[in-house]
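Grab a pencil and keep the viewer open. Here are a few exercises, each with a worked solution to check yourself against.

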Amino acid sequence: MRRSALAAVAVIGALALAGCGGSDSAASGAELSVDAAYIPQPVSDSMAAGFLTITNEGDTADELTSVTSEAGEITVHETAGGTMKEVDRLEVPAHGQLVFKSGGNHLMFEKLKQQPKQGHSVTVALHFAHSDPVTVKLPVKAATYQPTTGHSGQSGHSEDSGH
């Protein structure tokens, strides 16, 4: 009797968990992760740039809609044809990456409460159209820092990312 009661509890628990996961699976088809995040130590005390790679292993595209931080105001900038412009959103393609790198897309930190110093980090929250926010710590690197990974991070899907 005891065994069947335990088995019933296990089955009910598994069904409850499956129900929780199933209810949002349509809304969270993107599987997002972030790596290669950093901020070069800024020369200005009020502005800085941030770089990172958002990888989507899921079957559904998502969009980065905003970035927030206690450190100051952050806007998302796209660079196309040598021209930088602020944008409201950028796509994170299914089975692809959204790359923020020097000379390309980047995060612009403005009205900083204090100048980020090398060795410290700045915490940001990335907000998406469909996925839950992702909190990321961006370590402050030397102003001359160049990532050795080419901003492809450790994802195996970066071979054809346009290098």
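The exercises go from the overall layout to single residues.

This is a predicted model, in which local features need pLDDT of at least 70, side-chain atom pairs count only at pLDDT 80 or more, and totals for chains, interfaces and linings use all residues. Residues are numbered from 1 along each chain as its sequence is written, and side-chain values use heavy atoms, with hydrogens and water left out.

**Exercise 1. Work out the order of helix and strands, then the burial and exposed surface of the chain.**

Solution. Start with the elements: the chain has one helix and ten strands (DSSP runs, H or I of at least four residues for helices and E of at least two for strands, numbered from the N terminus). Reading from the N terminus, the order is α-β-β-β-β-β-β-β-β-β-β.

Next comes burial. Of the 163 residues in the chain, 35% are buried (buried is under 20% relative accessible area, exposed is over 50%, partly exposed is in between, with a 1.4 Å probe and protein chains only). About 9,700 Å² of the chain is exposed, and carbon and sulfur atoms supply 53% of that (Shrake-Rupley areas, 1.4 Å probe; for residues, only the protein chains shown count as cover).

Finally, look at contacts (heavy atoms within 4.5 Å). Among those with a separation of 6 or more, 70% are between residues 24 or more positions apart.

**Exercise 2. Find the largest nonpolar core and follow one of its residues outwards.**

Solution. First the general idea: in soluble globular proteins, nonpolar side chains tend to be buried together. Here the largest nonpolar core has 25 residues, and I54, L64, F100, F109 and V124 have the most contacts inside it (such a core is a set of buried Ala, Val, Leu, Ile, Met, Phe, Trp, Tyr and Cys residues joined through side-chain atoms within 4.5 Å). Strand β9 gives the largest share of this core, four residues.

Now click on I54. Setting aside neighbours within four places in sequence, its contacts include L32, V34, L64, V92, F100, L126 and F128.

**Exercise 3. Which residues do ring pairs link into a cluster?**

Solution. Count the pairs: there are two aromatic pairs in the structure (ring centres of Phe, Tyr or the six-membered ring of Trp within 6.5 Å; planes under 30 degrees apart are stacked, over 60 edge-to-face, the rest tilted).

Take Y38 and F51. Their ring centres are 5.3 Å apart and the planes sit at 40°, so this pair is tilted. Y38 belongs to strand β1 and F51 to strand β2 (residues 47-56), so the pair ties together parts 13 residues apart in sequence. Y38 and F51 are both buried.

Then take Y38 and Y145, an edge-to-face pair with 4.8 Å between centres and 75° between planes. This one links distant parts of the chain, with Y38 in β1 and Y145 in the segment after β10 (134-141), 107 residues apart. Y38 counts as buried because its relative accessibility is 3%, while Y145, at 29%, is partly exposed.

Put that together and the cluster is Y38, F51 and Y145. As an extra, K141 lies over the face of Y145, 5.2 Å from the ring centre (that needs NZ of Lys or CZ of Arg within 6 Å of the ring centre and within 35 degrees of the ring normal).

**Exercise 4. Trace the partners of strand β4 (residues 73-80).**

Solution. On one side, five bridges join β4 to β8, and the two run antiparallel (strands pair if DSSP finds at least two bridges between them). Strand β5 (residues 83-87) also pairs with β4 in the antiparallel sense, over five bridges.

H77 shows both pairings: it stands opposite H106 in β8 and opposite E86 in β5. β4 and β5 form a hairpin with two residues between them, and G81 in the turn has a positive phi of about 60°.

Finish with T75, also in β4. T75 is buried, at 15% relative accessible area, and beyond four places in sequence it touches E86, H106, L107, M108 and E110.

**Exercise 5. Is K111 buried or exposed?**

Solution. Locate K111 in the loop between β8 (106-110) and β9 (121-128). Its relative accessibility is 60%, so K111 counts as exposed. Its phi is positive, about 50°, although K111 is not a glycine.
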